[in-house]
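This report treats a few local features of the structure shown below, beginning with an individual backbone position and ending with the metal site and the cavities.

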Amino acid sequence: MRGRAVTRAPRDIAHEGFLTHGRMRWAKVAGGLSVLAIVAYALVDQTPRPNGGTALGYLLGTLGLLLIVWLSTIGLRKRIITTKPYSLKAWTSAHVYLGLSLIVIGTLHAGFQLGWNVHTLAWVLMMLVIVSGIYGVVVYARLPAQLSANRNEATQPQMLEAIRTLDRQLDTAAQPLARAEADLVRLSLEECEVSGGLWQRLTARHPRCGNARARDAIQGLVNEQMRRAKPDPALTQILFLLERKDAALAQARRHIRMKTQLEIWLYLHVPMTIALLVALTAHVLSVFIYW
Amino acid sequence: MSDCYRIAIIGSGPAGLSAAARAAALGLSHVLLEKTDHLSDTIYKYQKGKHVMATPSQLVLRSDLAFDAGKRETVLGLWDNQTADHKVNVRRHAEIKSIVGTGDPIPGSIMKTVTRKRDGTSEIKEMQRLAPPYKLTLADGSEVMAETVVLAIGTQGNPNLMGCPGGNLPHVQYQLDDPAMYNDEHIFVIGGGDAGIENALGLAGDAAQGNVVTLVNRGGEFSTAKDANVKALMAARDAGRISIMLGTTTRSIEPGWIVLETADGEVRARCDRIIARMGSAPPRGFVEACGVEFASNDRLAFPKLSAVFESTAPGIFVIGALAGYPLIKHCMNQGHDVVEFINGNTSLKPADEPILEAKFAGLPGGRSVADWLELLRSNVGILNGMSPLQMREFMLDSQARAYRAGDVIFERNAPGSSLFGIAEGQVLVEVNPNDPSITVGLGKGEIFGEVGLISGRKRGATIRAGTDCILVEISRTAALKLMSAVPSASREVTRVTTERSLLQIFKSGLTPADLKDAVAAAKVETMKAGQALIKEGEEGDDIFIIRSGSMVVEKAIGGKPVFLSYVPAGSYVGEMAVIDGGRRTATVRAAVKSDVIRIPGEAFRPLLAAKPGLTARLREEMSSRTQLNSYIESKKDSFEGVVDMYTGVANFLVDNGVGEATDVLLIDETLCIGCDNCEKACADSHDGLSRLDREAGRTYAHLHVPTSCRHCEHPHCMADCPPNAIHRGPTGEVYIDDTCIGCGNCQRNCPYGVIRMDKVPPKRPWLISWMLFGQGPGPGEPGLKWKKKHADPEAPKKAIKCDMCSGQSGGPACVRACPTGAAIRVNPEQFLSVALLDRKGG
Ligand SMILES: Cc1cc2nc3c(=O)[nH]c(=O)nc-3n(C[C@H](O)[C@H](O)[C@H](O)COP(=O)(O)OP(=O)(O)OC[C@H]3O[C@@H](n4cnc5c(N)ncnc54)[C@H](O)[C@@H]3O)c2cc1C
Ligand code: HEM
């Protein structure tokens with residue numbers, strides 16, 4: 001029928017972030033799971049001693065394995081856009097809290113028996129993944145507001161374009177200058193990267209930034225001229241442009257720094273996950289073969 | 001008069017060309033007069049390589065010229081050849097300036113034209129029409145005589161010209177085809193609309209061209225241009241690529257120089273080229289001066305025409321876009337038909353006959369198309385004033401439907417902006433949502449559905465067929481055309497909306513009879529965005545119903561305006577003064593351009609006196625509003641910063657078009673990690689093209705309005721869509737269907753820049769093969785390079801916009817795919833409420 005009042009696909013109108021999603025539903029589930037595991041560990045008599053081989057150990061191991069496999073699938077969930085209802089936010093929320101509960105579940109499963117073997121390797125990898133995940137949550141919680149404030153409505157392409165425009169203006173403004181002064185301006189044009197290598201992107205520190213060097217040098221020249229008479233207007237114009245470029249560079253570099261910090265940990269989190277899955281396979285196989 | 005043509009055809013667009021070709025084929029003496037040096041200027045001006053579409057596909061082409069979908073160049077080349085083959089008598093560089101009859105005065109045939117002046121007064125001129133033959137005067141002063149004239153000049157009109165001395169010098173131009181053609185010039189662009197700004201940016205875009213570009217604007221700001229354009233312009237100015245002169249007019253032009261009048265006096269500047277983009281005057285003035293009357297003073301109105309396209313000036317025929325048919329196929333068919341009519345062919349059936357036959361095919365009664373049209377025209381009140389030709393055009397955009405007694409026509413809360421007319425039978429309106437058995441009947445000739453049409457909001461009540469009935473469903477476009485073509489229809493729709501909004505809003509057992517005086521005294525007023533309807537502290541007790549648009553209510557607390565609430569269309573304001581007397585307690589201003597119904601206090605008070613139920617109802621609403629106000633005031637005392645923030649956010653959202661939105665994507669930038677998964681999800685769920693630009697757009701207090709569709713109540717994009725391809729879907733989404741011809745009108749009309757013209761990229765390899773082997777471009781919209789390499793260069797570009805993921809049971813993919821919950825979709829009524837205050841506070 002035409003003219004039917006079609007109800008919309010249900011929507012999440014609570015406007016909660018992933019950490020508080022569903023009134024912290026997954027925190028409660030994961031917390032409950034952990035408490036349950038601890039209580040069971042304390043109460044259940046495990047002979048000869050707690051480890052993966054007891055009934056409880058099996059139970060915790062199976063739970064842990066299932067959790068890890070499920071946690072890994074968030075990478076797929078993120079990229080396979082289906083039409084059915086789902087919420088990646090809810091997934092992330094569950095991922096974070098259930099992932100944290102693995103600290104308890106995984107460790108109790110091992111019965112605190114760590115050593116130099118493939119089993120402990122799996123545990124260590126798991127902990128690395130978790131620790132990197134915790135770092136991720138920390139940056140997810142802290143950086144977005146700073147990223148937004150720094151951006152000040154400019155998009156990344158606009159920031160880069162602003163720097164290119166200043167370069168063009170510097171280039172034009174440097175035409176009438178003498179060779180030595182023009183060479184200083186060339187420092188800014190030729191020896192100044194916006195992003196640079198990984199370390200620079202992560203820290204936004206560029207100690208040998210050509211623009212800063214050019215600015216300092218030209219500032220020196222202008223100061224010197226000022227002491228004697230009026231400074232050359234062409235030079236003050238250059239100084240003004242260099243200062244503007246400095247500000248533009250600082251903004252773009254901060255932007256890149258934060259974007260990098262928001263992403264970098266995934267380059268640990270994901271490969272470690274793959275390593276973990278491999279180690280887990282080895283762990284499970286070896287247990288069944290040598291048992 | 002030896003040199004009198006049988007037919008003079010003015011304008012060589014598809015309509016005029018086809019008419020001339022038919023005249024040539026029939027061997028009639030004819031001349032085709034074209035203003036420019038080429039045929040079909042509108043199509044000539046399309047972007048290079050544009051794919052011209054041949055819609056509607058069901059319509060058969062009836063013309064001596066061929067036409068099929070294809071590249072602009074192919075279409076124009078074909079027409080050039082065929083025009084020559086048919087030995088059409090074309091005269092280029094022949095702009096017609098006036099058409100006057102040379103025969104005797106036609107008794108009683110007087111043309112009245114109303115010109116509105118800037119100060120709001122209007123002037124009426126009367127002109128006695130003279131009988132044919134007509135004398136056509138060309139721009140170069142030469143004359144052409146013709147017995148009949150076919151006007152096919154389209155709707156482009158003429159660009160407004162530079163009126164100052166030197167305005168006719170050769171370096172003054174009105175169009176910019178290719179900005180890359182000019183190097184090392186001092187160029188002045190005159191006009192701060194979108195066209196001027198885009199041209200200026202184009203000329204200054206590449207610094208290597210070495211142009212010195214100045215944009216001159218008469219006003220102090222760029223009020224008519226799109227936000228995105230203004231921003232880009234300001235960025236270009238800050239980057240030193242463009243100079244801007246505001247509050248400046250041109251005094252005179254000399255070779256190599258321009259003299260400008262600025263706020264600080266006269267300035268003479270070097271100038272090699274002037275590009276004047278000061279808008280264009282619609283052709284209406286010229287057409288009226290020929291004695292052709294328009295249906296109304298509305299901007300949308302078209303000339304009054306008979307069934308054979310003859311205007312009110314005997315012997316002058318109007319066809320094509322100027323007659324209201326904006327598609328090429330229609331234009332060509334009309335060209336053919338009009339010449340047949342002039343040549344005395346009376347048995348010709350219009351080419352759209354099969355389409356109309358199909359429309360009426362399912363209906364009982366077995367009438368012919370003409371009979372159906374006549375039945376609808378005479379039975380439905382608002383259609384009475386239409387001519388048979390108008391009825392045909394009207395039906396192309398409308399539907400006739402038969403319903404059985406009991407069938408539901410539409411449900412409460414269904415989206416819908418069409419208007420229904422009852423041709424036969426009766427319908428029942430369920431006035432009480434809780435009890436479907438309470439109904440009000442509407443009978444033959446009446447209309448319903450007007451609320452959706454006028455306010456753009458959801459249906460207010462369920463309506464079902466009371467008896468077997470035949471209804472005509474008038475699409476929003478057809479209804480707007482109808483209202484501009486038939487003033488009596490427009491008045492009737494206004495009266496009905498006023499009466500029914502009063503009934504619906506106030507309920508309280510009111511009947512139409514009770515409202516008679518109030519309705520008669522009510523006036524519809526249009527408010528500009530930002531204009532105050534009610535000012536705090538003023539006297540006045542008129543009550544207002546918001547017919548379309550929306551309002552914001554503010555109150556000065558501690559010297560600062562504080563946002564109190566958002567009032568959508570379909571609500572009322574101003575009730576406090578009429579109940580309690582006293583001055584206005586708050587300011588109400590239009591969030592967007594809005595229509596309100598003003599009911600004078602003295603007309604409303606008797607109603608209040610007679611209906612205690614109404615007073616009680618108003619009091620109830622008033623007390624809840626007062627409560628809200630005092631809640632906010634109390635907060636203001638203790639949490640001043642929070643309330644200021646709330647006001648700031650609310651005003652920011654209203655300024656960014658949320659006031660006319662039905663559903664808008666917002667990004668909470670305290671949560672957004674910039675992963676762009678929203679854009680990727682958008683692209684992946686829509687043929688690989690994202691309809692959303694997350695990073696672009698305005699931000700206030702970490703709340704970001706990205707560039708994405710707001711699904712406006714009255715979508716600007718719908719305003720001028722030749723194939724009528726933009727609709728509102730069943731869940732309220734505004735979407736574009738496959739009949740899009742890629743003309744770009746919607747993109748230009750959207751003030752928020754959310755529509756893009758693009759071709760659908762080809763299918764890419766499976767996600768798995770990307771994950772495992774790195775094949776293909778991965779999730780999200782493929783990069784330009786990949787698209788270039790794999791895309792079909794012949795594929796047409798079409799308009800692309802958000803469809804709110806309609807048809808996907810999960811709802812909007814952008815929201816689903818956000819890992820942190822930063823992306824939210826809201827409607828303004830829910831979002832601009834105290835909840836926002838508490839949110840910002842908490
Ligand atoms: C960008 C764009 C894309 C479009 N794409 C499509 C499409 O794909 N498919 C489709 O069906 N429709 C399309 N349309 C719509 C279609 O182009 C027009 O509706 C159609 O061209 C109108 O034809 P016409 O003959 O009525 O007038 P026009 O084509 O406008 O022709 C009018 C002619 O009259 C001349 N003229 C004007 N005034 C005078 C005068 N005083 N004296 C002498 N000559 C004069 C003009 O120079 C012009 O050549 C598009 C429109 C635009 C703007
Ligand atoms: C053994 C446990 C875990 C495994 C196997 C695992 C695995 C993964 C994988 C495969 C991804 C997908 C990354 C991508 O494709 O972009 C991911 C994302 C993520 N993980 Fe974990 N994870 C684990 C534990 C945790 C923990 C404990 C936390 C937090 C405390 C965490 C936080 C996150 C976050 C925030 C994301 C990013 C979501 C997004 O941005 O889409 N993870 N994890």
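A:A204 counts as partly exposed, because its relative accessibility is 22% (buried means under 20% relative accessible area, exposed over 50%, partly exposed in between, with a 1.4 Å probe and protein chains only). The model is predicted: local features need pLDDT of at least 70, side-chain atom pairs count only at pLDDT 80 or more, and totals for chains, interfaces and linings use all residues, while side-chain values use heavy atoms without hydrogens and water. Residues are numbered from 1 along each chain as its sequence is written, with chains lettered from A and ligands numbered from 1 in the order in which they are written.

**Backbone features**

Most residues other than glycine have a negative phi, and most peptide bonds are trans. Two residues with positive phi are set out here.

| Residue | Phi | Loop | Relative accessible area |
|---|---|---|---|
| A:A204 | near 60 degrees | between α8 (198–203) and α9 (210–228) of chain A | 22% |
| B:D676 | near 60 degrees | between β38 (664–668) and α19 (677–684) of chain B | 22% |

Helices (H or I, at least four residues) and strands (E, at least two) are DSSP runs, numbered from the N terminus. In chain B, a cis peptide bond with omega of about 0 degrees joins B:P132 and B:P133. B:P133 belongs to the loop between β8 (122–130) and β9 (134–138) of chain B.

**Iron site**

The iron atom of ligand 2 has A:H95 (NE2) and A:H269 (NE2) as its protein donors, at 1.9 to 2.0 Å (donors are N, O and S atoms within 2.8 Å of the metal, or 3.2 Å for Na, K and Ca; water is not among the atoms, so sites may look incomplete). A:H95 lies in helix α4 (residues 88–110) and A:H269 in helix α11 (residues 266–290) of chain A, so the pair ties together parts that are 174 residues apart in sequence. Both histidines are buried: the relative accessible area is 16% for A:H95 and 12% for A:H269.

**Cavities**

The structure holds 6 cavities of 30 Å³ or more, and the largest cavity has a volume of about 230 Å³. A cavity is a set of points, on a 1 Å grid over the protein atoms alone, where a 1.4 Å probe fits but cannot get out; lining residues have an atom within 4 Å of a point. Of the 21 residues lining the largest cavity, B:F302, B:Q390, B:E393, B:K481 and B:A485 are the closest to its centre. The largest share of this lining, 5 residues, comes from α12(B).

Definitions and conventions
1 Å grid on protein atoms, 1.4 Å probe; cavity = no way out; pocket = protein on both sides within 12 Å on 5 of 7 lines; lining within 4 Å. Points joined across faces, edges and corners; volume = space filled by probe spheres on them.
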